[in-house]
Structure formats: structure tokens, C-alpha cells
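Here are some exercises on sheets and helices, each with a worked solution. Have a look at the structure first, then follow the steps.

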Amino acid sequence: MTAQRRSTALIGDDNTVVVGGKKLTWRTLHKLPQLPSPAAVLVDNGADALAAVRHHAVHGTELLVATSSRVDLAMREELGESGFAVVIANGDEHSVTPARLKRVEESGRVWLLTSGSTGRPKRIGHTLESLTTVRGKQQPRTWLVPYSPGTYAWWQVITISLTQADQGLVVIEPSELETWPQIAAEHGVTAASGTPTFWRQTIFRDSEALSTVPLEQITLGGEPVDQAILDQLSALFPNARISWIYASSEVGASIVVHDGKAGFPKAWLDRDPDPESERPKLSVDGDELVIASPHHGAGLEGAHRTGDRVEFVDDRVLITGRLDTDEINVGGSKVSAGLVRNVLMAHPAVAWARVFARKAPLVGRMVAAEVVLNPDLGPVTDADLVQWCTNRLPDYGVPRRIRFLAEIPQKETLKSDV
């Protein structure tokens, strides 16, 4: 690593970092013992994850960081056979399983595991430079970090604090997710990024506590973003800037929208890339979103087929879900599960919904749904929701089976199966 690279990477070394109940800085984080390289560092807390990142920023070692729960024994074996030493981090102590394959390290390389939404997670190569997509000078902020360590969304927030001054972090551990608004309010969090499920669940649990957090910047990503959640957040924080970001390990942060509307303008499609602003090229092939991005992972130059399905509604392009699960064929008529979900979640009493196909006689498949209701808005029956959808959808798109859940399901990645 060159001296210039090291200086740039550590601009944020004196930024405040609140982790594990302690108020520290990047500089005063506990230091992991010298890590082997390449290393896959598996962590169970935010402090060890941040320590691994700073170690990489200082030494340029080849690094993959992830939570222990995301990397099963078979994947650990695979990492070892790919040249990674597997490090189980635990504060100042750690255990190391040496790599089974000896190879030359890729200095400065950072590896991310995909979310696994299309199958078993795979590795995507980046560098701190390609992960750092916020480059313009930012106003002073304190960022919430609720994401699982090692995910692309986690890196997006981490690199802001590591590479810019006056960008503090408040790290939320899994055990703190239910009470994060109180922690955020205590430490003056002004910016927070989360999935739509994360925001819905917080509003569902305690919208009053959420409203006490002095948020100026709210970001959503990682899942399809519907108008209902944007409107709810806007009502709670009328003076905050609300942004949704389309990003992935493969193409980086490629779409950023600040206008408060779901989807992005149709006019953005097929624009020529702009090297100066690092604007990607967006296009649609059939129903699939295709992106050529300057923030892509290693070896992924050119157009990338995202696997995400889009629908055109007026002058907007809506991302409705994955190609392999979003389209439901009901007796030869096709309907988007994502658009049906948006209709359900536009009902004022619905806090969350999942729409899927279910076997049915005669037509082969029918539309079904799982729903979580807002307990403060009175009793609502499945018949009420069927009628709501009947008034807004073609007959074949109306859910014929609706099951009510007591809680909004959420994975370690802060996503749910939608």
C-alpha cells in the first residue's frame, strides 16, 4: 500500500465510534493481532469487524470479513482451499486455521459475500476505493450501523466514516435491534441506513421512540422500496432527506433517488455513462434490470444482468422483485408479486406483506399473501383486504388466501422474504 493510499484511507481515524457500549475512535479501537493474508475474519460483534477493517486499511492485507453465522463449516473448508486462513476473532484473542492452499496474496483486495438470494453466497472482489462511493465532502453526521458486518450495505456506511472527517458511527448489535432508537437518540444519530423491512419493523414496534431520533438523512436499500414506507418515513421526519439506493456487491451503488418517489425516472434508462460523475448505464432487457457500473466488483466489467424484475408505471421504473419469484402465472394471466405487495402495503392498517404463488385447482396457481397488521389501526379481516385489492387489481391478481402474522419476519441481513 502506498503512503498516499494509507493517508486517504485513514482520514477518519479520529471519528467517533460507539460500539459495544463504548465511545471510542477508529484510532483507539482494540487492535487485532497481526492477521495472516489472505484472511477470512469471522466475527460475532461490531468491534472485531471494525478492527479487522482498520487493520486492512493500515496494512493492505487481503481480507474477507463476515459474521460467523453466515459462514458454515462447508464454506470455511472452501475458503481454506481457496487460500484463505480462517480467523475466528474474539477481542484480543483469535484462533487461526491456516489456508490449505498457498497462493500469492492480492494486496489491497477486499472480498464480500453476496446475500445468497440466488443460492449459495459467492465471493465478489473489491478494494476500499471501489467500495467508497461517497466522495464529495459531507456535512458532519453520526451514522447508525445496523447492518450485518461484511455485507455491501455495511461497507457503504463504514467507508464513509473511514475516509471522511466528522462522520461518526453508532454500531447496533443484533441484540440491540429492538431498542436501537433509544441508543441512537442517546448518541445523537443524524443519519441512518436500513432495509425497508428494518424501517417497517421499527415503526411497527415503536414509532414514537423512532421519532425522537434527530435524523437528517434516511436511506433505504437492499429490497424493493414501495411508496408506503417512503410516505411513512416522510411523515415522521418531514425535514429529513429520504433516499433509496439500489446497490449490490456486483455493481456497487448504482441508483440513488432523493425525490421521495418509489422507483427511478424512466428518463434515466439508456443514458450514456458519465465518467466524471461515475454515473452507471441503466437499461432493461425484457423485464430485467441491466447495469454497467464503474463501482463493479473485480472482473465484472460491462453490462451485468441483475436478476431483478422491473415494471413501468407512468414515468417511473419500479423494481418489484427477483425474476425467478416475482411473476405469478394465474391460469395464463401474469401478475407481479411486487405490485400486489405494494397494493396491500398501501392499506393504512398493513405494516408488512409478502405475496407469493400457491397451488390451486383449475388455474394451477393463485396469489396468496402473509400480512402483519398495525395494531393501532383497528381490526381488519382478510375479507377487508381482499376487497381493497379487488378495487385496485385485476381479478387474477387478487390474493385468495391471506394469513396474518404477529411479527414482521427479519433475517440477519435485515431483509425479509418479500
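**Exercise 1.** Work out the strand order of the open sheet of 3 strands and find its edges.

*Solution.* Step 1: the order is E22-E23-E24, with mixed pairing. Strands here are DSSP runs of E with at least two residues, and helices are runs of H or I with at least four, numbered from the N terminus; two strands pair if DSSP finds at least two bridges between them. The model is a predicted one, in which local features need pLDDT of at least 70, side-chain atom pairs count only at pLDDT 80 or more, and totals for chains, interfaces and linings use all residues. Residues are numbered from 1 along each chain as its sequence is written, and side-chain values use heavy atoms, leaving out hydrogens and water.

Step 2: strand E22 (350-360) and E24 each have a single partner strand, so one side of each is left without a neighbour in the sheet.

Step 3: from one strand to the next, the twist averages 25 degrees. Angles run from 0 to 180 degrees between N-to-C directions, and axes are lines fitted to C-alpha atoms, for helices over the stretch in contact.

**Exercise 2.** Describe how E22 and E23 pair, and which helices pack on the sheet.

*Solution.* Step 1: E22 and E23 are antiparallel, with 10 bridges; Val350 has Leu373 in E23 as its bridge partner.

Step 2: H7 packs on the sheet and touches E22 and E23 (contact means heavy atoms within 4.5 Å). The direction of H7 makes about 120 degrees with that of E22.

Step 3: H11 also packs on the sheet, touching E22, E23 and E24, and its direction makes about 125 degrees with that of E24.

**Exercise 3.** Trace the chain from E23 to E24 and give the handedness of the crossover.

*Solution.* Step 1: strand E23 (residues 364-373) and strand E24 (residues 401-405) run parallel, joined by 5 bridges. Val371 stands opposite Phe404 in E24.

Step 2: the chain passes from E23 through helix H11 (residues 382-390) to E24 in a right-handed β-α-β crossover; that is, with the strands pointing away from the viewer, the path from the first strand over the helix to the second runs clockwise.

**Exercise 4.** Are H7 and H8 roughly parallel or roughly antiparallel to each other?

*Solution.* Step 1: the axes of helix H7 (residues 196-211) and helix H8 (residues 227-236) come within 11 Å and cross at roughly 25 degrees.

Step 2: H7 and H8 are therefore roughly parallel (angles under 35 degrees count as roughly parallel, over 145 as roughly antiparallel, 65 to 115 as roughly perpendicular and the rest as oblique).

Step 3: residues making the contact include Trp199 and Ile203 of H7 and Leu233 of H8.
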